[in-house]
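Got the viewer open? Let's walk through this one together, one selection at a time.

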Amino acid sequence: MSLYAIGDLHLHYQSVLKAPGQLHGRVWKNHEEKFRKYCGKMVTGEDTLVLVGDHSWGKNLSECERDLAYICDLPGRKLLFRGNHDMFWDAKKTAQLNERYQPRLTFLQDSYAAYQDYALVGTKGFTFEGPFYLDRYGQITGWDEEAFEHAKKLVERELARLRKSFEMAQADGYRKYIMFLHYPPTNILQTRSGFTDMAEEYGVEQVIYAHCHGESRFNDSIRGEYRGRMYQLVSGDFLRWKPLKILE
Ligand SMILES: [Fe+2]
Ligand SMILES: [Fe+2]
């Protein structure tokens with residue numbers, strides 16, 4: 001029995017693809033097939049596969065049906081967290097999604113899932129991504145204050161959701177945690193954040209995140225061992241569509 005994770009499948013069987021990188025990048029060519037093949041080789045019916053957001057480009061559920069059917073057909077138990085592009089998934093209507101797709105898919109929002117003696121907690125998260133002002137050497141000299149203030153509110157909301165997820169797991173007796181975020185835990189200006197602080201507060205073993213696409217973004221946040229926790233980026237193009245084994 002193993003636990004795997006990957007993010008950013010960005011499926012578009014029924015919708016318009018909006019990212020130029022995904023249109024022209026080599027890594028994205030037939031990525032659905034590459035990922036399906038890796039899953040077929042690696043993931044068994046007893047395993048759990050966590051999909052860390054940005055599942056589909058569809059604007060609503062009817063534009064995502066084939067994308068979600070593709071995910072349903074992958075092996076193992078599938079757990080999904082929200083990404084910033086998942087327009088089909090209204091956080092407040094997660095129960096309806098679960099009703100519709102149980103037992104094939106589990107959508108996690110303000111809740112957690114158990115894996116052995118671990119609780120898999122998480123939320124979409126948020127990080128401030130600018131606009132930044134640069135000098136002629138490309139160094140950041142400032143940023144858009146209004147966007148920064150707005151980002152702070154979104155971060156607070158996501159931290160509250162994450163804490164709820166931890167508290168539910170803790171109330172049920174869990175003491176070991178793997179934490180999932182769609183956004184990276186820190187933005188490019190930070191070395192720690194409310195998310196890394198919460199990971200430390202609850203003694204999380206691993207923080208798994210996605211969202212960073214393309215070589216130039218893979219080092220936007222923490223990767224590897226940091227202050228006693230392991231941070232791992234699992235965006236699909238970073239992993240080249242091979243799901244990452246998180247736990248045996
Ligand atoms: Fe993405
Ligand atoms: Fe994203």
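Start with the whole protein chain in cartoon view: you'll find seven helices and 13 strands. Keep in mind that this is a predicted model. Along its principal axes, the C-alpha trace spans about 50 × 45 × 30 Å. A compact globule of 248 residues would have a radius of gyration near 18 Å, and the protein chain has 18 Å, so the two agree. Colour by burial if you like: 39% of the 248 residues count as buried. Now think about contacts between residues at least 6 apart in sequence: 80% of these join residues at least 24 apart.

Next, select the open sheet. Its six strands come in the order β5-β6-β9-β10-β12-β11, and the pairing is mixed. Which strands stand at the edges? They are β5 (113–115) and β11 (224–226); each has a single partner strand, so one side of each is left without a neighbour in the sheet. Look along the sheet to see the twist, which averages 25° from one strand to the next.

Zoom in on the β5 end. Here β5 runs antiparallel to β6 (residues 118–123), and three bridges join the pair. To pick out one partnership, click A114: its bridge partner in β6 is A119.

Now show helix α5, residues 145–171. This helix lies across β6 and β9 (176–181), running at about 165° to β6. Try a distance check between its end C-alpha atoms. At 1.5 Å a residue, the 27 residues of α5 should span 39 Å, and those end atoms are 39 Å apart, which agrees. Just past the helix, stop at G173, where phi is positive, near 100°.

Stay with α5 and turn on side chains. Which of its residues are buried? Select E158, L162, S165, F166 and A169. The buried residues of α5 pack against β6, β9 and α6 (194–201), so add α6 to your view.

Last stop: the largest nonpolar core, with 56 residues. Highlight V50, V52 and L120, the residues with the most contacts inside this core. Which element gives the core its largest share? That's β9, with five residues.

Finish by centring on V52. Leaving aside neighbours within four places in sequence, what is V52 in contact with? Select these in turn:

- A5, I6 and G7 are among its contacts.
- F81, F180 and H182 are also in contact with V52.
- I208, Y209, A210 and V234 complete the list for V52.

Technical notes. Residues numbered from 1 in each chain as written. Chains lettered and ligands numbered in written order. Predicted model: local features only at pLDDT ≥ 70, side-chain atom pairs only at ≥ 80, totals over all residues. Pairing = 2+ DSSP bridges. Helix = DSSP H or I, 4+ residues; strand = E, 2+ residues; numbered from the N terminus. Axes fitted to C-alpha atoms, helices over the stretch in contact; angles between N-to-C directions. Contact = placed C-beta atoms within 7 Å. Rg over C-alpha atoms; globule rule 2.2 N^0.38 Å. Buried ≥ 20, exposed ≤ 12 C-beta atoms within 10 Å, placed from the backbone. Expected span 1.5 Å × (residues − 1). Core = buried A, V, L, I, M, F, W, Y, C linked by C-beta atoms within 7 Å.
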